[in-house]
Amino acid sequence: MTEETTASSFPDEPARRVGSIAKGAALVGRIGADPRDDEELRQKKALLVLLAVLIAPVSVIWGVLYLALGSWVGIAPLVYFAISVASLVVFARTKSFRFLLAVQLLAILVMPTAGGQMLVGGFLPSGGVGLWGILAPLGALVFLEVRQAVRWFVAFLFVFLLTGILGEVLLADADLPLWFTSTMLALNIVGVASIAFMLLATFAHQRNEALVGLRVEQEKSEALLVNVLPGSIAARLKATDQTIADHFDATSILFADVVDFTPLSQRLPPAEVVGILDRLFSHFDGLVERHGLEKIKTVGDCYMAAAGVPDPHEDHARRAALLALDMRDAVTTSAVAGRDGLELRIGINSGSVVAGVIGRKRFIYDLWSDAVNTASRMESHGTPGEIQITRETYELLKDEFVCTRRGTIQVKGKGEMETWYLVGPRSDDPDIWREDGALLSMDDDGSRGSRRLDP
C-alpha cells in the first residue's frame, strides 16, 4: 500500500464509523414502528427501544463479571437481559408501546434491586446496583404523565429500601473482593448517571421544542387577532373577559362601494371576482394604515373605515378625506384593481359612535350610531366617482379642502339633507382653484387648462 493510499484512507474511517452508527440507530428506531403512529408516538417508541438496547448489553457484562467471581447473583442481570430482549421481540410483532413500556419499567425497577441488591447482601456489598431502579420513575417521567411518574418514584423508594434492608438482615454477604465492589459502585453510578442524563436531556429537548412551537403558534394567533381587531382592542380583549364597549364623540365614518359590481360579478368567473376585490381592498388596507384610520369591515363590495376610533384624533375628518381622495384615485388605476372602468361611490359623515366587540365566534369590532347610518346613506345616495359628505363633515373640512355644494337631496330615513362633494385639498397657489370650484391644471404639453369638478 502506498503512502498516498494510506493517507487518503484514514480520513474516511471516522466518517464511515459515524455513518454505520447512524444507520444502526435508524434501524433500531424502526423496531415496532407503525405507519399509523403520530410523530410524538413515533419518537417515544424510538427512544424507548434505544434505551432498552443500550441497557441490555450492560446487564450481560454485569452478569458475566459476577459469575466469573463465583457469585450466582450474576444470573439476575442475565434474566433481565432475557426479559428485555423478549419484550422487544414481542413489541416488534405487536407494535404495542404500552406493553413494552410496562415491561421495561418493571424490569429495571425490580431486577437490580430484588435480583441484585438484596441477593448480594444489601446496599454496600451490591456496589449500589440498586441505583439502576431509579431509571423506572425517570422513564415514566419522560414517557407518561407526571402523576404516573410520581407513583413509579414512590414504588422505587419502597423497593430500593425494602430489598436493601432485607439483604442486610436476611442474606449473607456475597463475599466479593473489595476492589470489585468499589469498581462496581463506580460503574453503577456512572452508568445510571449517563442513562439518567440522556433521559433528562431528551425530556428537556422535547420540552424546549414544545415551548418553541407553542411560542410560534401564539405569535400566529396574536397576529391573526390583530388582523381581525385593532391592536389596542386586541390587547384589552386578551387582558379581560369583560365586554368591550366605548363611546367616541368625534369620529368620521367612510363607506366606499364599487359601482355596478353586482351585475359585473355575474358575468365574471368567481376567481376573477374575488381577485378584483382582493387587489382593490388590499390596496385600500394600505391606504387606511397610511392615513391612520381603522378598517372596520367589508360587506360584499362595500368597504367601511373610520377615523377617531379606537384612538381619538382631532383631525379625524381630514384623515377620512385624504383616504377618500386616494381611494377614488386608486380605483381609476387599472394596475390596482386589475380591471378598467371601475368607479366608487364614497360617503363620509362625522359624529359620535358607540364601538365594541360583538360575539365570541368570528367576532368583529363594529360601530353603531345615527352617524354611521348617515355615512352609509351618503354612499348609497351618492354619485359614481364622487365623494359625498354631510354638513357635519363639510364644516370640519371647508378650510383645508375644496368642496362643491350638491344641494338638498332626499335621504332614506333622514328626509331632506344638504350635502357637498369633496373635490380635493386646497392649494397654496391661489391660481390653482377658481371660486366656482374648477381645478386649473397643466396639460401634457405644458399649457394651463381647466377641469370643472362641480356637478
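This is a guided tour of a predicted model, moving from the whole chain to its cores, ring pairs, one helix and the enclosed spaces.

**The whole chain**

Begin with everything shown as a cartoon, where the chain presents 16 helices and ten strands. Colouring by accessibility is a useful second view, since 41% of the 455 residues count as buried. Among contacts in the chain with a separation of 6 or more, 66% join residues that are 24 or more positions apart.

**The largest nonpolar core**

Next select Tyr66, Ile108, Trp132, Leu135, Phe143, Ile195 and Leu199, which touch the most other members of the largest nonpolar core, a set of 43 residues. To see where this core comes from, add helix 3 (39-68), helix 4 (75-94), helix 5 (97-110), helix 7 (135-143), helix 8 (146-170) and helix 9 (178-228), each of which supplies at least two of its residues. Helix 3 contributes the largest share, eight residues.

Now centre the view on Leu135 and display its surroundings. Leaving out residues up to four places away in sequence, Leu135 touches Ile55, Leu105 and Ile108, and also Val192, Ile195, Ala196 and Leu199. Apart from this core lies another one, made of 40 residues, which include Leu254, Phe261, Leu280 and Tyr303. In soluble globular proteins, nonpolar side chains tend to be buried together.

**Aromatic pairs**

Show the aromatic side chains next; a search of the whole structure finds ten aromatic pairs. Select Trp179 and Phe180, whose rings are arranged edge-to-face, at 5.9 Å centre to centre and with 85 degrees between the planes. Are these two residues buried or exposed? Trp179 counts as exposed, at 56% relative accessibility, whereas Phe180 is buried, with a relative accessible area of 4%. Adding Tyr66 to the selection completes a cluster, in which ring pairs link Tyr66, Trp179 and Phe180.

Move on to Phe284 and Tyr303, an edge-to-face pair with 5.4 Å centre to centre and 85 degrees between the planes. Phe284 belongs to helix 12 (residues 270-291) and Tyr303 to strand 3 (residues 302-307), so the pair ties together parts that are 19 residues apart in sequence. Phe284 is buried, with a relative accessible area of 0%, and Tyr303 also counts as buried, at 0% relative accessibility.

**Along helix 12**

Keep Phe284 in view and select the whole of helix 12. Its 22 residues, at 1.5 Å a residue, should span 32 Å, and this agrees with the 32 Å between its end C-alpha atoms. Which residues of helix 12 are buried? They are Val273, Gly275, Ile276, Leu277, Leu280, Phe281, Phe284, Leu287, Val288 and His291. Just after the helix comes Gly292, whose phi is positive, near 75 degrees.

Within helix 12, pick out Leu287, which is buried with a relative accessible area of 3%. Apart from its neighbours within four places in sequence, Leu287 is in contact with Leu323, Asp326 and Met327. Drawing a distance between the C-alpha atoms of Leu287 and Met327 should give 7.6 Å, although these residues are 40 residues apart along the chain.

**Cavities and a pocket**

Turn finally to the spaces, starting with the enclosed ones: a search of the whole structure finds two cavities of 30 Å³ or more. The largest cavity holds about 230 Å³ of space, and 17 residues line it, of which Ser59, Trp62, Pro77, Pro112 and Val129 are the closest to its centre. Helix 3, helix 4 and helix 6 (113-120) each supply at least two residues of the lining of this largest cavity. The largest share of that lining, five residues, comes from helix 3, the helix that also gives the largest share of the largest nonpolar core.

For the last stop, select Glu40, Lys44, Gln206, Arg207 and Ala210, the closest to the centre of the second largest pocket among the 14 residues that line it. This second largest pocket has a volume of about 320 Å³. Helix 3, helix 7 and helix 9 are the elements that give two or more residues to its lining, and helix 9 gives the most, with five residues.

Definitions and conventions: Residues numbered from 1 in each chain as written. Predicted model: local features only at pLDDT ≥ 70, side-chain atom pairs only at ≥ 80, totals over all residues. Heavy atoms only, no water. Core = buried A, V, L, I, M, F, W, Y, C linked by side-chain atoms within 4.5 Å. Buried < 20%, exposed > 50% of the residue type's maximum accessible area, 1.4 Å probe, protein only. Helix = DSSP H or I, 4+ residues; strand = E, 2+ residues; numbered from the N terminus. Contact = heavy atoms within 4.5 Å. Phe/Tyr/Trp six-rings, centres within 6.5 Å; stacked < 30°, edge-to-face > 60°. Expected span 1.5 Å × (residues − 1). 1 Å grid on protein atoms, 1.4 Å probe; cavity = no way out; pocket = protein on both sides within 12 Å on 5 of 7 lines; lining within 4 Å. Points joined across faces, edges and corners; volume = space filled by probe spheres on them.
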